[in-house]
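Biologist: Please take a close look at a single part of this model for me. I would like the strand in question set among its neighbours, with the rest of the chain as background.

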Amino acid sequence: MPGRGGMQTDMLRINSINTLRFLGLLIVVIIGLKIYFISKTKQLDAPEKDSFWSKHGVIENDHKMEINQKLEDVAPPKVQQGKVEPNTGVKSNPRQQKDYGPSGMRIVHLDLKGAAPKLSYLQQIFPLLSSIGVNGILMEYEDTFPYHDSLEILKSTYAFSSDDIDKIQQLAESSNLEIIPLVQTFGHMEFVLKHGKYRHLREVEKYPNSLNPHLPDSLNLVKEMLSQVLDKHSKSAWLHMGADEVFHLGKSAESKQWINEQRGDIGKMFMDHIKEVGSFMVNKYPGLKLLIWDDMMRKISKEKIHESGITEYIAPMVWFYHPEFNIDEVEAFLAKYMDSGFKSVWFASAFKGATGVSQGWTPIKFHLENHLRWLQVIKSISKFPSLHFQGLALTGWQRYDHFSTLCELLPVAIPSLVICMQTVTHGSFTHQAKTNSQQILGFRSIDLENNVCEGDGTFAGAEIYQMVRWIYQNLKSDITRVMESNSAIKGWFNNYNRKHRFGNPRNMEYFGADVLRVHHQWEEYLGNFRKQMEKIYFPDTVEEWMEENVNQYMDPLREFVKDYKDIIALMAAPKQN
């Protein structure tokens, strides 16, 4: 049929067109898929926002200190021979440091290894500190920090929570106060090394004071502690590494072996550990500056200090707490530190906790004169042109070490702190400094010779200041008078009478009324005192302070009163065997 050939030609033409259309569509699909996968690959290469990388350009929650091998190309800068090498491949947000001018920072040290105040009290005193010219807090958390995971054993029963640490920083920031965490990394590690889990890391087995620097676990422990604290203080520009009083260093078998093999000495051993820890911190936290107490470096040569390389990222804090410390000696140390290569230096005075391990009442005059001495040193800083004076830390020690008793409570020492800060501000304890101190504290007078302030006081904790003063002045003397100076007690109610439960009510009544009155008055007073203490302190602090300062006098009185009531109720019964 003539029409069939034309139909076949038309069908071929249609099939050709469909084939071309299919090929065109296939090309479009292939191009689309290629664009999609390229875009997806770029997304995978980029870090996920707010999840894996912190704002400091380091791995978040890196508590085991293990870095994925695939991330080596963007690792933090490394320290070689004490120098920080910049790594332009890392976009970090350095911790910003403020410039406080030639007068430097003025920071107050809060030692929380004993009598750590509640958050509510910090909320009251931070504005006070800011108002007297303080611009930073050297926060020595010790076992009050909320360590977690493998370090959870380190925190005390009443440690701050993670939210509390956030709140502390918010309160500080609202009062224009910088928080400088202090974490011990070598000496004074009693709160860590007391635990059986870490006993093997002691430099001397029976002493919990110092860390053995030669054991791998020692360095890992310190790095983990520092990381947890610094991860929680993202705005802190400074970290204090402690490192004072590293007692018995060089006594362990590992230390002795190191000295023999390396032909080294204890000074180099100390510097090596500080370098190892310090370099780790500045690598992990770009922009961070480090502090250490200076006492361990006083006997180390300037050559060894310089060779360590730590002067690039660490500043020494020179501490002397006595009112008559040797200024020439301090200046000799400053000259050595300058020649060693340190760029800046801090000084440390004391407003409390430096006059005796069990000191309960703050000797204001002692601490005032210590600050007058430091003002002389500060005036002479121009002798050391390449050494920048960074600031003054007013230390307030609460314990001499983790196992010692409490020193003065913070409210008891607030007058000393205010007076010392006013002295630093005015350059001396001028009439204006005294007047300002009285107004700030709410006292009508300050008696430096007797170390007391007169008046009610209006600062947070003034009630405790007044009540502790009354306890120290009267408790012991009142009880001694009624129990030991009364001849009637010696004659008719001595220890033998009490032991065998006999006595004549007629004779006992000669002294009974006075004893019962004193007992009642003090129980009532101490009950009110306990309520004031509980507003500021946790139960363990209240109990410890009462045990050390009150119960040693009140318990014998309480036992005496109990025996008196029991025996007088017997109405002159025969002696019991």
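Modeller: What follows starts with strand E9 and then moves outward.

Keep in mind that this is a predicted model. Strand E9 covers residues 289-293. Of its 5 residues, 4 are buried, so the strand is largely enclosed by the rest of the structure.

E9 has a partner in strand E8, residues 238-240. The two run parallel and are joined by 3 bridges. In that pairing, His-240 stands opposite Leu-291 of E9. E9 is also paired with strand E10, residues 314-319. Here 4 bridges make the link, and the direction is again parallel. Trp-293 faces Met-317 of E10 across this pairing, the two standing opposite each other. As a general point, side chains in a regular strand alternate between the two faces of the sheet.

The path from E9 to E10 includes a helix. Helix H8, residues 302-308, combines with E9 and E10 in a β-α-β unit. The unit is right-handed.

Next, a residue in another helix. Asn-370 belongs to helix H10, which spans residues 364-379. Its relative accessible area is 0%, so Asn-370 counts as buried; the cut-off is under 20%. What does Asn-370 touch, leaving aside residues up to four places away in sequence? The contacts are Phe-320, Tyr-321, His-322, Pro-323, Phe-325, Ser-349 and Ala-350.

Now a helix pair. Helix H11 covers residues 410-426, and helix H13 covers residues 462-483. Their axes lie 7 Å apart, and the packing angle is about 105 degrees. Angles of 65 to 115 degrees count as roughly perpendicular, and H11 and H13 are therefore roughly perpendicular to each other. From H11, the contact involves Pro-411, Val-412 and Pro-415. They meet Ile-464, Tyr-465 and Val-468 of H13. By class, this contact has 6 nonpolar residues, with no polar and no charged ones.

Last, the background for these parts. The protein chain has 577 residues, and 52% of them count as buried. Its secondary structure comes to 18 helices and 14 strands. Take the contacts in the chain with a separation of 6 or more: 76% of them link residues 24 or more positions apart.

Back to the strand you asked about. E9 is bridged to E8 and to E10, and 4 of its 5 residues are buried.

How values were computed:
Residues are numbered from 1 along each chain as its sequence is written. This is a predicted model: local features need pLDDT of at least 70, side-chain atom pairs count only at pLDDT 80 or more; totals for chains, interfaces and linings use all residues. Side-chain values use heavy atoms; hydrogens and water are left out. Axes are lines fitted to C-alpha atoms, for helices over the stretch in contact, and angles run from 0 to 180 degrees between N-to-C directions. Angles under 35 degrees count as roughly parallel, over 145 as roughly antiparallel, 65 to 115 as roughly perpendicular and the rest as oblique. Contact means heavy atoms within 4.5 Å. Ala, Val, Leu, Ile, Met, Phe, Trp, Tyr, Cys and Pro count as nonpolar, Asp, Glu, Lys and Arg as charged, and the others, Gly among them, as polar. Buried means under 20% relative accessible area, exposed over 50%, partly exposed in between (1.4 Å probe, protein chains only). Two strands pair if DSSP finds at least two bridges between them. A crossover is right-handed if, with the strands pointing away from the viewer, the path from the first strand over the helix to the second runs clockwise.
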